[in-house]
Amino acid sequence: MWIEGVRGVTAFLRCGGISETAAACFYRCHKMLERYHRFEDITGLDLHNMDDRALAILLAHFHG
């Protein structure tokens with residue numbers, strides 16, 4: 001589940017929005033939101049914050 005969450009967030013960071021990411025990953029929007037929020041809960045990062053986004057990119061690079 002963790003790796004799937006990282007992949008989803010990586011796609012989100014590339015696509016820039018939930019709807020676009022859901023379409024790119026073949027998820028429904030609610031599933032993408034679930035993964036987005038779970039990633040934030042597990043990591044403590046806020047993906048609205050640019051510094052936290054940078055850390056999420058690093059995490060995704062090393063774990064994805």
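## Leu-58 and its surface patch

With a relative accessible area of 46%, Leu-58 is partly exposed. That label applies because the value lies between the 20% limit for buried residues and the 50% limit for exposed ones. Before we go further, a friendly reminder that everything here comes from a predicted model.

Where along the chain does Leu-58 sit? It belongs to helix α4, which covers residues 50-63. Leu-58 also takes part in a nonpolar patch on the surface, together with Leu-55 and Phe-62. The accessible area of these three residues together is about 330 Å².

## The overall picture

Let's step back to the whole chain. The protein has four helices and zero strands, so in sequence order the pattern reads α-α-α-α. Of its 64 residues, 34% are buried.

The accessible surface of the protein adds up to about 4200 Å², and carbon and sulfur atoms hold 57% of that area. As for contacts, take those with a separation of 6 or more: residues 24 or more positions apart supply 38% of them.

## Helix α3 and its two sides

Helix α3 spans residues 29-43, which makes 15 residues. From its first C-alpha to its last, α3 reaches 21 Å, close to the 21 Å expected at 1.5 Å a residue.

Which residues of α3 are buried? They are Met-32, Arg-35, Tyr-36, Phe-39 and Glu-40, a list that includes Arg and Glu as well as Met, Tyr and Phe. Looking down the axis of α3, the buried residues fall within an arc of 135°, so they line one face of the helix. His-30 and Asp-41, on the other side of α3, are exposed.

Just past the end of α3 comes Gly-44, whose phi is positive, at about 80°.

## Ile-18, from α2 to α3

Now for a residue in another helix: Ile-18 is part of α2, which runs over residues 18-25. What does Ile-18 touch once its neighbours within four places in sequence are left aside? Its contacts are Phe-12, Cys-29, Met-32, Leu-33 and Tyr-36.

Two of these partners, Met-32 and Tyr-36, are among the buried residues of α3. Ile-18 and Tyr-36 are 18 residues apart along the chain, and 8.7 Å separates their C-alpha atoms. The contact between Ile-18 and Tyr-36 thus links a residue of α2 with the buried face of α3.

Notes
Residues numbered from 1 in each chain as written. Predicted model: local features only at pLDDT ≥ 70, side-chain atom pairs only at ≥ 80, totals over all residues. Heavy atoms only, no water. Patch = residues over 30% accessible without salt bridge, like charges linked within 9 Å, V, L, I, M, F, W, Y side chains within 5 Å. Areas by Shrake-Rupley, 256 points an atom, 1.4 Å probe, with all protein chains shown as cover. Salt bridge = Lys/Arg side-chain N within 4 Å of Asp/Glu carboxyl O. Helix = DSSP H or I, 4+ residues; strand = E, 2+ residues; numbered from the N terminus. Buried < 20%, exposed > 50% of the residue type's maximum accessible area, 1.4 Å probe, protein only. Expected span 1.5 Å × (residues − 1). Arc of directions from axis to C-beta. Contact = heavy atoms within 4.5 Å.
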